[in-house]
There are 2 protein chains.
Amino acid sequence: MSQTIDLSPFRAVLDERGVVTDRDDITPWLTDWRGRYHGDAAAILAPATTEQVAAVVGIAAQHGIPLVPQGGNTSMVGGATPPADGRALILSLRRMNRIRSIDADANLALCEAGVILANLHDAAQAANRRFPLSLGAKGSATIGGLVSTNAGGTQVLRHGTMRGLVAGLEAVLPDGSIYDGLAALKKDNRGYDIRHLLIGAEGTLGVVTAATLRLAPAMTSTLTAWVGVARPHEALHLLHRLEAQLGPVVEGFEILTEAGLKNVLAHIPDLRSPLNAPAPWHVLVEIDSSGDPDGTASALENTLAVEVANGSVLDATLAQNEAQAQAFWRIRESLSASEKALGPALQFDVSVPVARMPDFIIDTGRQVEATFPGVHASAYGHLGDGNVHFHVRAPDGTTDGSAWTSEFGKPISQFIHDAVVAAGGSISAEHGIGQMKRAELGRLSSPARLAALRAIKSALDPLGIMNPEKLIPLASEA
Amino acid sequence: MSQTIDLSPFRAVLDERGVVTDRDDITPWLTDWRGRYHGDAAAILAPATTEQVAAVVGIAAQHGIPLVPQGGNTSMVGGATPPADGRALILSLRRMNRIRSIDADANLALCEAGVILANLHDAAQAANRRFPLSLGAKGSATIGGLVSTNAGGTQVLRHGTMRGLVAGLEAVLPDGSIYDGLAALKKDNRGYDIRHLLIGAEGTLGVVTAATLRLAPAMTSTLTAWVGVARPHEALHLLHRLEAQLGPVVEGFEILTEAGLKNVLAHIPDLRSPLNAPAPWHVLVEIDSSGDPDGTASALENTLAVEVANGSVLDATLAQNEAQAQAFWRIRESLSASEKALGPALQFDVSVPVARMPDFIIDTGRQVEATFPGVHASAYGHLGDGNVHFHVRAPDGTTDGSAWTSEFGKPISQFIHDAVVAAGGSISAEHGIGQMKRAELGRLSSPARLAALRAIKSALDPLGIMNPEKLIPLASEA
């Protein structure tokens, strides 16, 4: 039920392609990609320049029309789906898809918000560099969305999240003014950091229109290892030993269980277990050996040998060639899909301090299984980031997944989130809050933090026009 | 002229040492350490715990009494000096001087705000780690002040400013509530980043009470080189080559002029020029070779040889021992003091994008000398950070320095700051805004940025009690 919104002021500042009202063109963008959230909007506004974005936001502010910024529309938490009542318009950044410049010497790329991640990867590679952040949706996710959700991925261990990769930012603020912070200044102490405020703000404080991003040297040589250990504790110990012995070259450090591995092997053809014997937990390690291929290889082998000798590592093997390394990674990348085949499950994107993660995995798994009889807890992922994919699967034989989710989704979520908070962690490690976790953010934030978040939102978007009903649980809605 | 402020509510929540009213004890803290700013305050409040800080701020909010947070009182911009009218109290964090914990495996140290930087250096060293940020005032500067001013130093090139080293933060917000963000979460997407908002806020949004700080591995082996080049452009080229060939191990990269070197040699005994022949510009390079001492040394020698062969480097020499390396650094560290002997000068703490710095140094130097006849422009410092100490010295023979400063201080400052802004730079690279640059921040900020800064200040400190008359030029004062 789209509301009647006068689009003529927007038509006056945008070209013909800039105002999309055809229902067939709009419909795909009214639902999130996982099909969980549905909204409505009378039009998609698609400006082609920063100045046009500023004009659009200025008009929206003047008329009190909310805007929902959209990039690739691959939010995991409904962060880019418009409200159901149709009072908002979608502001698509997809046309702003230029990589304005790449400075290989300075290791910087200046990208507009609509640049698709995979295209930046290609452009960086052509300059003998790389943009060290990747994720499953790289073929659709845009720079603006990645910045606004402070995206993560498997390379965070070494390179940090998007927050660490944004050297400069351009945005249109909720009053239609342009914030130009694109210059990459390594030292800049001129007051509150607007850039960091906009990163991860999910479009609720303004619209990111461009970013200056840090590049890393290309990797010319990597080492991939598969390691079996008894517990996540020994995996974390191994990570510390590798960092101490090899330096900051650990590019990936992913853990999974024997059950997870077996399940992948049962569902995905042509894969085999990298180790000869089973191990309770497995670790996939990737090392950047570009700086010193031989030295790094022998340091890796020595470290693994020492840890095998002292019993901390049960077994370890190095990929002998690129094909074997890819096969190791295929196991990791198949975990999510092959788990789905086991039945309905709740998935949690949570983080705790790295040192507490091994206990969290074991203890919270046991506790949720004891509290909700029949469920299966499992965890895999980025141990070195203090961030695992924590799943709670419905009891065996559950046929009606949505009935189970209706009954147990909320209590199990609250149980897990309470455990996360007790461990000093975050209920959203990577995906953000969006619509999905807004109530939980309200329930679990300290009053001090919640008051600060609300004060910032009201101060910078007093009209409440930027991505309504997302991220901050407003006091007026309580 | 201290105003009459009822201290009894503060006495009720603090112990005897927590309320200092003896004038002799207060006086040293009413003036900044360079003697440029003078204020007044009826008392210094010195809480011993975070809870006491919260109680003090709560009382201040209730009674509308402004607070000026102080650490080591070594602000370069009058950022910790109370207002002259005595309406504010000083809130000293010096008693909160515990290093609560060091986790060597996780490379984290949890420090209270009053910990002195040099003490953290010692504690980290005892754990076979280092805290990779240092500056001249390390014997007095405190963690709270370093966080609140986003301090820099000579190691920013590799390790970043304080912003990059703060993994978690605890603060008391202006309403007296405690923000507990000490947990070091590598991934945390729960809304606006309060931590980054408080870093560099100069105490105007709340009082930093503790921080979780990142440590780096101890350096077990370093290489120090002295290089002569024709221009800053060739110095920057050399930096890029070193980073490409050696990886991220460049710990220091400082430039100076032949004139600067000669001046040091004239004023400081027992130092000699590292190179046999003069060179227009000099570079002091320090490399961390701990990971691979021999490999890094030969890579450094090869890179320098290639650049000498292609003419980009005029001459280069490696320190042959620790004493020689220290002598190289003594030259760098003596620049400021030996320049002072030449006569009165204006000093600018500015940054521009790294790639633009060579042109900025040359062009702005020429322009200011042309515009203000007789003055001498010079620059030295952290080229790789896009941040140099840019000095403009009074014409030869100027005897009355303060008369010269009175006449030329403002126009020359505005001239330099305008050039910085034109180059996309920052009028405060390291020292912050404090009282000194507040008017210039107002003059040179875009309306969008200024409005955002003011909105944030009013939202989080609606009563205006946190470090009044600092950082943000308020609209009400315009």
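This is a short conversation about two sheets, a cavity and the chain symmetry in a predicted model.

Student: What makes strand 8 and strand 10 of chain B a pair?

Tutor: Two strands pair when there are at least two bridges between them. Strand 8 (residues 166-172) and strand 10 (residues 207-214) of chain B have 6 bridges, in the antiparallel sense, so they count as a pair by that cut-off. You can find one position by eye: Val172(B) stands opposite Val207(B) in strand 10 of chain B.

Student: And how do you know that strand 13 and strand 17 of chain B pair?

Tutor: The cut-off is at least two bridges. Strand 13 (residues 250-257) and strand 17 (residues 376-382) of chain B have 2 bridges and run antiparallel, so they qualify as a pair. Here Glu254(B) stands opposite His382(B) in strand 17 of chain B.

Student: Which strands of chain B belong to the sheet with the order 5-6-10-8-9, and why are two of them called edge strands?

Tutor: That open sheet has 5 strands in chain B, with antiparallel pairing. Strand 5 (99-103) and strand 9 (178-181) of chain B each pair on one side only, and that makes them the edge strands. From one strand to the next, the twist averages 10 degrees.

Student: How do you know that helix 4 of chain B packs on this sheet?

Tutor: Contact means heavy atoms within 4.5 Å. Helix 4 (residues 117-126) of chain B touches strand 5, strand 6 (108-112) and strand 10 of chain B. Its direction makes about 35 degrees with that of strand 5 of chain B.

Student: What about the sheet of 7 strands in chain B?

Tutor: This one is open too, with antiparallel pairing and the order 15-12-14-13-17-18-16. Its edge strands are strand 15 (315-318) and strand 16 (345-351) of chain B, each pairing on one side only. The twist from one strand to the next averages 15 degrees.

Student: Which helices of chain B pack on that sheet?

Tutor: Helix 12 (residues 322-340) of chain B is one of them, touching strand 12 (222-229), strand 13, strand 14 (281-288), strand 15, strand 16, strand 17 and strand 18 (387-393) of chain B. The direction of helix 12 makes about 145 degrees with that of strand 17 of chain B. Helix 14 (residues 401-422) of chain B touches strand 16 and strand 18 of chain B, and its direction makes about 20 degrees with that of strand 16 of chain B.

Student: Now the cavity. What makes the lining of the largest cavity nonpolar?

Tutor: Ala, Leu, Ile and Pro are among the residues that count as nonpolar. The lining consists of Ala452(A), Leu173(B), Pro174(B), Ile194(B), Leu197(B), Leu198(B), Leu205(B) and Leu460(B). The tally is therefore 8 nonpolar, no polar and no charged. Helix 8 (residues 194-198) of chain B gives the most to this lining, with 3 residues. The structure holds 1 cavity of 30 Å³ or more, and the volume of the largest cavity is about 40 Å³.

Student: Last one: why are the two copies said to be related as by a two-fold rotation axis?

Tutor: Chain A superposes on chain B by a rotation of 180 degrees with 0.0 Å of shift along its axis, at an RMSD of 0.0 Å. The two copies are therefore related as by a two-fold rotation axis. The same surface serves both copies, since 100% of the contact residues of chain A recur in chain B.

Key:
Residues are numbered from 1 along each chain as its sequence is written. Chains are lettered from A and ligands numbered from 1 in the order in which they are written. This is a predicted model: local features need pLDDT of at least 70, side-chain atom pairs count only at pLDDT 80 or more; totals for chains, interfaces and linings use all residues. Side-chain values use heavy atoms; hydrogens and water are left out. Helices (H or I, at least four residues) and strands (E, at least two) are DSSP runs, numbered from the N terminus. Axes are lines fitted to C-alpha atoms, for helices over the stretch in contact, and angles run from 0 to 180 degrees between N-to-C directions. On a 1 Å grid over the protein atoms alone, a cavity is a set of points where a 1.4 Å probe fits but cannot get out, and a pocket is an open set with protein on both sides within 12 Å along at least five of seven lines; lining residues have an atom within 4 Å of a point. Grid points are joined across faces, edges and corners, and a volume is the space filled by probe spheres set on the points. Copies are superposed by least squares on the C-alpha atoms of residues with pLDDT of at least 70 in both.
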